[in-house]
Amino acid sequence: MTDEELLQGMARGDQACFEALIHRYHAPLSGYLQRQLKDTGRAEDMVQETFLKLIRQLQMGRIPGNVQAWLYRVAANQCRDYWKSAAYQTDKNRFGEPPERRDERPSVVELAERQETRKEIMESLDGLPLVQKEVVMLRFYQDLKLQDIADILQLPLGSVKTHLYKGLRTLKSRISAETADLGTTQGGEQNERAKRQ
């Protein structure tokens with residue numbers, strides 16, 4: 001069934017359509033919000049609130065034209081509201097920096113390297129201006145089309161392209177600089193070891 005058919009079914013009160021739509025969008029929305037908030041519990045709360053807002057929207061007879069874009073727009077707006085809220089300032093001061101994820105299986109070197117790379121990318125993403133971060137995450141983590149991202153963020157398509165280009169360029173330069181620093185450090189260590197031997 002298409003999204004439109006599911007929404008029409010939901011508007012008629014069809015529980016199966018509601019469950020099918022949740023099954024389709026729950027995991028992607030949850031992943032998006034977890035990456036944005038770095039808090040699984042709060043992300044899950046926001047996913048539920050997003051679906052509740054959709055139900056209220058349908059009860060008022062307003063059926064979104066593009067439900068995927070609508071859901072992400074509501075989720076993104078909830079994140080922005082949370083970041084502006086006193087609750088966020090309290091949580092930020094209470095917990096400080098978000099805890100690092102650790103691989104429980106240190107014997108699996110490849111998994112550890114992937115985790116480290118993912119962490120470095122997320123840290124680099126956190127350094128981008130908010131709109132660039134949102135565009136990059138929606139494009140590459142949620143695999144959304146540029147027009148859908150424009151609808152979600154309520155920006156012109158050209159602006160989305162510009163933010164994506166600038167965000168990727170900044171990420172590339174940061175990752176290249178970190179890689180160069182790492183090479184210099186490792187090269188320096190090797191030289192030191194060679195001198196000692």
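Tyr32 and Tyr72 are both buried in this predicted model. Their ring centres lie 5.4 Å apart and their planes meet at 80°, so the pair counts as edge-to-face. Planes over 60 degrees apart are classed that way, provided that the ring centres lie within 6.5 Å. The count of aromatic pairs under this rule is one. The pair links distant parts of the chain, since Tyr32 belongs to helix H2 and Tyr72 to helix H4, 40 residues apart.

Helices H2 and H4 also contribute to the largest nonpolar core, a set of 43 residues. Two or more residues of this core come from each of helix H1 (3-11), helix H2 (15-37), helix H3 (40-59), helix H4 (67-84), helix H6 (109-126), helix H7 (130-140), helix H8 (146-153) and helix H9 (157-196). H4 gives the most, with 11 residues. The core takes at least three residues from domain 1 (3-88) and at least three from domain 2 (118-182). Within the core, the residues that touch the most other members are Met10, Leu21, Leu33, Leu37, Leu54, Leu71 and Leu138.

Met10 can be followed further through its contacts. Setting aside neighbours within four places in sequence, Met10 is in contact with Cys17, Phe18, Leu21, Leu54 and Leu58. Of these partners, Leu21 and Leu54 are themselves among the core residues that touch the most other members.

Another site to examine is Ala43, in helix H3. Ala43 has 0% relative accessibility and therefore counts as buried, the limit being under 20%. Beyond its neighbours within four places in sequence, Ala43 is in contact with Ser30, Leu33, Gln34 and Leu37. The C-alpha atoms of Ala43 and Ser30 are separated by 6.2 Å, although the two residues are 13 apart along the chain. Two of the contact partners of Ala43, Leu33 and Leu37, also appear among the core residues that touch the most other members.

Helix H7 offers a polar counterpart. Gln132 is found in this helix and has a relative accessible area of 9%, so Gln132 is buried as well. Apart from neighbours within four places in sequence, Gln132 is in contact with His163, Lys166, Gly167 and Thr170. These four partners fall within the span of helix H9 (157-196).

A last detail concerns a charge over a ring. Arg139 lies over the face of Phe140, at 5.6 Å from the ring centre.

Conventions
Residues are numbered from 1 along each chain as its sequence is written. This is a predicted model: local features need pLDDT of at least 70, side-chain atom pairs count only at pLDDT 80 or more; totals for chains, interfaces and linings use all residues. Side-chain values use heavy atoms; hydrogens and water are left out. A nonpolar core is a set of buried Ala, Val, Leu, Ile, Met, Phe, Trp, Tyr and Cys residues joined through side-chain atoms within 4.5 Å. Buried means under 20% relative accessible area, exposed over 50%, partly exposed in between (1.4 Å probe, protein chains only). Domain bounds come from an automatic or database domain assignment. Contact means heavy atoms within 4.5 Å. Rings of Phe, Tyr and Trp (its six-membered ring) pair if their centres lie within 6.5 Å; planes under 30 degrees apart count as stacked, over 60 as edge-to-face and the rest as tilted. A charge sits over a ring if NZ of Lys or CZ of Arg is within 6 Å of the ring centre and within 35 degrees of the ring normal.
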